[in-house]
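Subject: Structure for you to look through

Dear colleague,

Please find below the sequence and the structure that I promised to hand over. My notes follow underneath, and I would be glad if you read them with the model open beside you.

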Amino acid sequence: MSTRLSPNFWAHEFRCSCGCGDESVSPVLVSLLQSIRDKSGPLKISSGVRCKASNAKLEGAAKNSWHVPRRGLGHAADVKYASGNSTPGAILKLYVLADQLGARGLGLYSNRIHVDVRTGARARWVHSSWSWRNT
């Protein structure tokens, strides 16, 4: 049975995809995602917690990714609209909303955004899959 973390998010949604069972996620991240969801509508977590082994297998994943637990908690998630709406305009709107609501780390991809609650300096990036021409 999965634990409810907020009105709209459950622990299993953040579970590492390798099957290791790790799903421990920062309550600060869950709170931020809930705020984003409250203003944007239903969201889907496409990648939550990643164990070190899973992260190492992902092409392009940062070795010090905030998806990998620190002090036992993951601090990042890749999210998209649950409706499947991945038009560039919709994804950009989600990115801007996450920025306005206080995401510390924020990445823009063709069909999703990366959101994290890192410590230290804020970070922003646009992945090569993103195209500004379609917005």
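Is Ala-62 buried, partly exposed or exposed? Before the answer, please keep in mind that this is a predicted model, and that what follows was computed from it. Ala-62 turns out to be partly exposed, with a relative accessible area of 38%, and this residue sits in the loop that runs between helix H2 (52-57) and strand S2 (76-81). Although Ala-62 and Asn-8 are 54 residues apart along the chain, it may help to know that their C-alpha atoms are separated by 28 Å.

The chain as a whole comes next. Its secondary structure amounts to three helices and five strands, and read from the N terminus these elements follow the order α-β-α-β-α-β-β-β. The radius of gyration is 14 Å, close to the 14 Å that the globule rule gives for 135 residues, so the chain is as compact as a globular protein of that length. The C-alpha trace spans about 40 × 30 × 30 Å along its principal axes, and 41% of the 135 residues count as buried. If one takes the contacts between residues at least 6 apart in sequence, 52% of them join residues at least 24 apart.

As for the surface, the accessible area of the chain comes to about 7400 Å², and carbon and sulfur atoms account for 50% of it. The chain carries 19 positive and 8 negative charges, and the mean positions of these two groups are 3 Å apart.

You may want to know about the cysteines. The count of disulfides comes to zero, with a pair of sulfur atoms having to lie within 2.5 Å to qualify. Cys-18 is in no disulfide, and the nearest cysteine sulfur to its own, that of Cys-20, is 3.6 Å away. Cys-20 is likewise in no disulfide, its nearest cysteine sulfur being that of Cys-18 at 3.6 Å. Cys-18 is partly exposed, with a relative accessible area of 44%, and Cys-20 is also partly exposed, at 44%.

Returning to helix H2 and the loop that follows, Asn-55 lies in H2 and counts as buried, with 4% relative accessibility. Leaving aside residues up to four places away in sequence, Asn-55 touches Arg-50, Ala-61, Ala-62, Lys-63, Ser-65 and Val-68, so that Ala-62 appears again here as one of its contacts. Arg-71, found in the loop between H2 and S2, is exposed, with a relative accessible area of 87%. The phi angle of Arg-71 is near 50°, which is a positive value in a residue other than glycine.

Finally, which residues does Asp-78 touch, not counting those up to four places away in sequence? They are Lys-44, Ile-45, Ser-46, Ser-47, Arg-50, His-67, Arg-112, Ile-113 and His-114. Asp-78 has its place in strand S2 and counts as buried, at 5% relative accessibility. The C-alpha atoms of Asp-78 and Gly-107 are separated by 8.8 Å, with their positions 29 residues apart along the chain. Arg-50 is among the contacts of Asp-78, and it is also among those of Asn-55.

With best regards

Note on methods. Residues numbered from 1 in each chain as written. Predicted model: local features only at pLDDT ≥ 70, side-chain atom pairs only at ≥ 80, totals over all residues. Heavy atoms only, no water. Helix = DSSP H or I, 4+ residues; strand = E, 2+ residues; numbered from the N terminus. Rg over C-alpha atoms; globule rule 2.2 N^0.38 Å. Buried < 20%, exposed > 50% of the residue type's maximum accessible area, 1.4 Å probe, protein only. Contact = heavy atoms within 4.5 Å. Areas by Shrake-Rupley, 256 points an atom, 1.4 Å probe, with all protein chains shown as cover. Lys, Arg positive; Asp, Glu negative; His and termini not counted. Charge placed at Lys NZ, Arg CZ, Asp CG, Glu CD.
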